[in-house]
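Work through the exercises below with the coordinates open. Each task is followed by a stepwise solution.

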Amino acid sequence: MKIDGITLKSDAVFAPIAGFSDVGLRALCAEAGAGLTYTEMVSAKGLMYGNEHTEDLLHTTDKEKVRVVQIFGSDPEIMARAAESEALSKFDIIDINMGCPVKKIVSNGEGSALLKTPSLAAEIVRTVRRADKPVTVKFRIGFDKNSRTGVDFARYMQDAGAAAITVHGRTREQFYEGTADWDYIAEVVRAVQIPVIANGDVNSKEDYEKIKAHTSAAGVMIARGALGNPQIFSQITGTAFPYKTRKDIVLKHIEIMSAFHSEIFVVNNMKKHVACYCKGLRGGKQLKLDVFAAKSLEELVRAVSDSDTLDAPVISG
Ligand SMILES: Cc1cc2nc3c(=O)[nH]c(=O)nc-3n(C[C@H](O)[C@H](O)[C@H](O)COP(=O)(O)O)c2cc1C
């Protein structure tokens, strides 16, 4: 798969996920073979006004080969200035969030609210292209069941110069509930010439193969299926993944995070990741309790290292 002049090493990509797509999980997904790795959504205004929290989201390592930063906002000029800023210079692609369903975002005219204002959405894409990088857009199939406008919206994005689009097969009204509509994603694929990345309900190699066959999309984006499970990209792409047990992965995740973040940030952030890494495993409940009680990096690493639960082998490609 190619986005403008950039060739991806695989067409399976790791999604932007607020609170989870940190530098550690992105590095692990890239190492396992993800062709693109996205930061979580970052406020264009926050970038312009030097919000400290925003900078925390922008760390990256050499493991990530094609780096995508996702920005959100509704003011074309502010978004273009953010895209041109020094803080984003290390990213290869600028992705624009037009799918976030959260009320606070939507009531500001941002995220999935832009599905209702396609002319403004197109102006955002045209203006952000000033940054001289490929601009991509991630959106949903429509705002609600009575306005499934994703096909028209995709054409707007193509005409505005988007280099690729990602379509999440749910409406804003659905949030993350119900099943993703792969038939509708296939309609979008037929309607445009730019690469389409299909997204929604891909949790295994089998799902990846099914959604590709069903939609003929150029790429597949995986979000929740990669939480606690970066090896899914190794299973899909056949990339060698050097970690033998889940414990090896978790300890690596902690190590990468510690290179960039404060101790308290790492300890708090890793709690939710460990809950994902041990989901469904025998002894997972106790491990979660132990990790949630950790107050320092030392206690966190001890809880993980002492756990038999995380000795579960990693199935890689
Ligand atoms: C907790 C959470 C946070 C998310 N944050 C973002 C985000 O920052 N930007 C974005 O475009 N999508 C975000 N998403 C949506 C996912 O990228 C993806 O579109 C959605 O989960 C469907 O894919 P899946 O079925 O593989 O999980 C988020 C989803 C979840 C569950």
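**Exercise 1: the ligand site**

A backbone N or O atom of alanine 223 lies 3.0 Å from an oxygen atom of the ligand. The model is predicted: local features need pLDDT of at least 70, side-chain atom pairs count only at pLDDT 80 or more, and totals for chains, interfaces and linings use all residues. Residues are numbered from 1 along each chain as its sequence is written, and side-chain values use heavy atoms, with hydrogens and water left out.

Task: find which polar side-chain atoms lie 3.3 Å and 3.5 Å from a nitrogen atom of the ligand, then count the residues that surround the ligand.

Solution.
- Step 1. Apply the polar contact cut-off: a pair of N or O atoms within 3.5 Å; within protein, one must be able to donate a hydrogen and the other to accept it, and residues adjacent in sequence count only if both atoms are side-chain atoms.
- Step 2. Asparagine 97 supplies the polar side-chain atom at 3.3 Å from a ligand nitrogen.
- Step 3. Tyrosine 176 supplies the one at 3.5 Å from a ligand nitrogen.
- Step 4. Count residues with a heavy atom within 4 Å of the ligand. There are 15, and the closest are Ala18, Gln70, Asn199, Asp201 and Arg224.

**Exercise 2: the domain interface**

Task: describe the contact between domain 1 and domain 2 by its residues, buried area and polar pairs.

Solution.
- Step 1. Set the bounds, which come from an automatic or database domain assignment: domain 1 is 7–237 and domain 2 is 246–306.
- Step 2. Take heavy atoms within 4.5 Å as contact. Domain 1 gives 17 residues and domain 2 gives 14.
- Step 3. Compute the buried area, the accessible area (1.4 Å probe) that two parts lose on being put together, summed over both. The result is about 1,300 Å², with 71% from carbon and sulfur atoms.
- Step 4. List the polar contacts: five residue pairs, both residues at pLDDT 80 or more.
- Step 5. Find the main contributor on the domain 1 side. Helix α1 (residues 23–31) gives the most, with five residues. Helices here are DSSP runs (H or I, at least four residues), strands are E runs of at least two, and both are numbered from the N terminus.

**Exercise 3: salt bridges**

Task: how many salt bridges does the whole structure hold, and how many cross the domain interface?

Solution.
- Step 1. Require a side-chain nitrogen of Lys or Arg within 4 Å of a carboxyl oxygen of Asp or Glu.
- Step 2. The whole structure gives 12. The interface of domain 1 and domain 2 gives zero.
- Step 3. Inspect one pair: aspartate 11 and lysine 212, at 2.5 Å, N to O. Aspartate 11 sits in the loop between β2 (6–7) and β3 (12–14), and lysine 212 in helix α9 (residues 205–215), 201 residues apart.

Conventions
Near = heavy atom within 4 Å.
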